[in-house]
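Grab your viewer and work through these exercises with the model open beside you. Try each task yourself before reading its solution.

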Amino acid sequence: PNMSGHLCCVCGAVSIQFHDPAPKLRGECGCCDCRQALQWAQLKGGPAAPVLPEAWYFANDFTFISGKENIKLFKLRDNGSSIRFVSTCCYSTLLVHHPGYQNNIVMVLAQGAKLAVQPIAEFGRFQMKDFPKEKIAELAPFKGNPVDKDNLDDFGSYTSLEEAFGNLVEIWNKKVENPTGTNTQEIINVQSVEVLELPHYKELL
């Protein structure tokens, strides 16, 4: 396979190729759900959950090269929005589907699986209001900026959350041109989703 835009589980059984290998966006997400999902996966035997997940966004058009039968779909709780595609062989979190993405893009949490991709700059560190106070000391500086414990969000070259979010929405709204593979919604339409009933905001590790 073309090694750029290639995603696989940590044991290698599940392998996915994005048809557009160029990532659309990369950032650090401090929300409780991204962290809780990777903590849950680690407790099931998956890769070590990071202090701060790194989120990459790709056009939602991909092909399973191998291991599609190992994929199970999970939601953290009944009223959760995101559906996570997890490999049952090694509990890697491969893809994250959120209704806000309108099936145009899909998120990959880089530390949840193995991602081969051309690097792009991180646009920001966001959703940090959920980040646990007792873990702030473990945060690395963002692009060399010292961590400000009272203002953990960092929008890099953007002047405000609004400006950064405007860019995000633009990417989310961009339709996939000439899709050639499958997408997360097509799989959700035919596969059941297991609800984990994990309490909101609870740190598992």
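**Exercise 1. Place N70, then N60, and work out what surrounds each.**

Step 1: N70 sits in the loop that joins β5 (62-66) to β6 (71-75); helices (H or I, at least four residues) and strands (E, at least two) are DSSP runs, numbered from the N terminus. A quick word on the ground rules: this is a predicted model, so local features need pLDDT of at least 70 and side-chain atom pairs count only at pLDDT 80 or more, while totals for chains, interfaces and linings use all residues. Residues are numbered from 1 along each chain as its sequence is written, and side-chain values use heavy atoms, with hydrogens and water left out.

Step 2: With a relative accessible area of 18%, N70 is buried (buried is under 20% relative accessible area, exposed over 50%, partly exposed in between, with a 1.4 Å probe and protein chains only).

Step 3: Skip the neighbours within four places in sequence, and N70 is in contact with A13, V14, V86, S87, T88 and C89 (contact is heavy atoms within 4.5 Å).

Step 4: Now N60, which lies in the loop between β4 and β5. N60 is buried too, at a relative accessible area of 2%. With its neighbours within four places in sequence left aside, the contacts of N60 are N103, N104, I105, V106, V176, T182, N183 and T184.

**Exercise 2. Is K72 buried, exposed or partly exposed, and what does K72 touch?**

Step 1: K72 belongs to strand β6.

Step 2: Its relative accessibility is 37%, so K72 counts as partly exposed.

Step 3: Not counting residues up to four places away in sequence, K72 touches R84, F85, V86, T88, Q191 and E194.

Step 4: For a distance check, take K72 and G100: 28 residues apart in sequence, they are 21 Å apart in space, C-alpha to C-alpha.

**Exercise 3. Check the span of α2 and find which residues of α2 are buried.**

Step 1: Helix α2 covers residues 161-173, and at 1.5 Å a residue its 13 residues should span 18 Å (the expected span is 1.5 Å times one less than the number of residues). The end C-alpha atoms are 18 Å apart, which agrees.

Step 2: The buried residues of α2 are A164, L168, I171 and W172. Looking down the axis of α2, these buried residues fall within an arc of 100°, so they line one face of the helix (the arc is that of the directions from the helix axis to the C-beta atoms). Handy reminder: an α-helix has 3.6 residues a turn, so residues three or four places apart point the same way.

Step 3: On the other side of α2 you'll find E162 and E170 exposed.

Step 4: Among the elements covering the buried residues of α2 are β3 (25-29), β4 (54-59) and β9 (105-109).

**Exercise 4. How many residues of α1 are buried, and what covers them?**

Step 1: Run the span test again: the 12 residues of α1 should span 16 Å, and the end C-alpha atoms are 16 Å apart, which agrees.

Step 2: Nine of the 12 residues are buried, so α1 is largely enclosed by the rest of the structure. They are C32, C34, R35, Q36, A37, L38, Q39, W40 and A41.

Step 3: The cover over those residues includes β3, β6, β7, β8 (93-97) and β9.

Step 4: After α1 comes G45, with a positive phi near 105°.

**Exercise 5. What lines the largest pocket and the largest cavity?**

Step 1: Settle the terms. On a 1 Å grid over the protein atoms alone, a cavity is a set of points where a 1.4 Å probe fits but cannot get out, and a pocket is an open set with protein on both sides within 12 Å along at least five of seven lines; lining residues have an atom within 4 Å of a point. Grid points are joined across faces, edges and corners, and a volume is the space filled by probe spheres set on the points.

Step 2: The largest pocket holds about 550 Å³ of space. Its lining has 27 residues, of which C29, C31, F126, Q127 and W172 lie nearest the centre. α2 gives the largest share of that lining, five residues.

Step 3: The largest cavity has about 40 Å³ of space. A37, W40, F74, L76, R84, V86, T93 and L196 line the largest cavity, and the elements giving two or more residues to that lining are α1 (32-43) and β7 (83-87).
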